[in-house]
Amino acid sequence: MSDSRDPWLLVVDPQVVFADPKSLWTVPHFYDALDVARQIAPLFGNNILVSRWVPPDDRQGSWQAYFKKWAFVDKPASDPMFNLVPEAVQLSRFHTIDEPTFSKWGLRLRSLLGPNPQLVLAGCSTDCCVLATALAAADGGASVTIVADACASSTDANHAAGLYVMDLYEPQIQIVDSVDLLQ
């Protein structure tokens, strides 16, 4: 468990499925956001984690409709589309946080970070997994900072919408740009 006073960077889901321009889930500014995340990473020393969204084993309830709509991702977690992009593989000394949920704020993350961590989020998608993680973490007592230019979505409008919603939760969630951290 970490000292909750030390901030942690979580790079949310820097995966092939979001980086591949042929994917239905492509994030056009994926590499721009990942480059910013890599620029700020040295500020966190060893306190860096990387997550992956992986399909749940149990496709019950709302997941049935989800996988009907997004059949192209109805594959095992071992499918290469769920791999980290090469530029993200060495970001963290820890094992990847794999979660079958949009939110990465689960038992594994809480056990690593402690009860009330300072959590800094980067990654994709701003309006889905970053948003879900931020809300769950803040609700669980974490102080959350979103690095806006280190996040990306399927569209600029969706990115802005995700940031807008998260900004409604200030002071538990703060929105900053990388320049605010690098100064």
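Here are four short exercises, each with a worked solution, on the predicted model shown above.

**Exercise 1. Lay out the sheet**

Find the order of the strands in the open sheet of 6 strands, and say which strands lie at its edges.

*Solution.* Begin with the pairings, taken one at a time. S1 and S2 run parallel and are joined by 3 bridges; here Leu 10 stands opposite Leu 49 in S2. Next, take S4 (residues 118-124) and S5, which pair in the parallel sense over 6 bridges. In that pair, Leu 119 faces Val 144 of S5. S5 also pairs with S6 (residues 173-176), again in the parallel sense, over 4 bridges, and Ile 146 stands opposite Ile 175 in S6. The full order is S3-S2-S1-S4-S5-S6, with parallel pairing. The edges are S3 (97-99) and S6, each of which pairs on one side only. As a last touch, neighbouring strands of this sheet are turned against each other by 25 degrees on average, direction ignored.

**Exercise 2. Follow the chain through S5**

Work out which helices the chain passes through on its way from S4 to S5 and from S5 to S6, and give the handedness of each crossover.

*Solution.* Start at S4: together with helix H6 (residues 126-139) and S5, this strand makes a right-handed β-α-β unit. Then leave S5: the chain crosses through helix H7 (residues 156-167) to S6, and this β-α-β crossover is right-handed too. Now look at S5 (residues 143-152), which the two crossovers share. Strand S5 is mostly covered, with 8 of its 10 residues buried.

**Exercise 3. Place helix H6**

Determine how H6 lies on the sheet, and which elements its buried residues pack against.

*Solution.* First, the direction: H6 lies across S1, S4, S5 and S6, and runs at about 165 degrees to S4. Second, the buried side: among the buried residues of H6 are Thr 126, Val 130, Thr 133, Ala 134, Ala 137 and Ala 138. The spacing of such a list can be read with a simple rule: an α-helix has 3.6 residues a turn, so residues three or four places apart point the same way. Third, the partners: the buried residues of H6 pack against S1 (8-12), S4, S5, H7 and S6. Finally, step past the end of the helix, where Gly 141 takes a positive phi of about 105 degrees.

**Exercise 4. Explore the interior**

Identify the residues that touch the most other members of the largest nonpolar core, then decide whether Ser 51 is buried or exposed.

*Solution.* The largest nonpolar core has 35 residues, and Leu 9, Phe 30, Trp 53, Val 73 and Leu 91 touch the most other members. Several elements each supply at least two residues of this core, including S1, S2 (48-53), H3 (62-69) and S5. Helix H2 gives the most, with 6 residues. A second, separate core of 24 residues includes Val 12, Leu 109, Cys 151 and Ile 173.

Back in the largest core, take a closer look at Leu 9: its contacts include Ala 37, Ile 40, Phe 44, Leu 49 and Val 120.

Now turn to Ser 51, which lies in strand S2. Ser 51 counts as buried because its relative accessibility is 0%, and the cut-off for buried is under 20%. The side chain of Ser 51 makes a polar contact with that of Asp 13, at 2.8 Å. Ser 51 also touches other residues, among them Leu 10, Val 12, Leu 84, Ile 97 and Lys 104.

Technical notes:
Residues numbered from 1 in each chain as written. Predicted model: local features only at pLDDT ≥ 70, side-chain atom pairs only at ≥ 80, totals over all residues. Heavy atoms only, no water. Buried < 20%, exposed > 50% of the residue type's maximum accessible area, 1.4 Å probe, protein only. Pairing = 2+ DSSP bridges. Right-handed = clockwise from strand over helix to strand, strands pointing away. Contact = heavy atoms within 4.5 Å. Core = buried A, V, L, I, M, F, W, Y, C linked by side-chain atoms within 4.5 Å. Axes fitted to C-alpha atoms, helices over the stretch in contact; angles between N-to-C directions. Polar contact = N/O pair within 3.5 Å; in protein donor to acceptor, adjacent residues only side chain to side chain.
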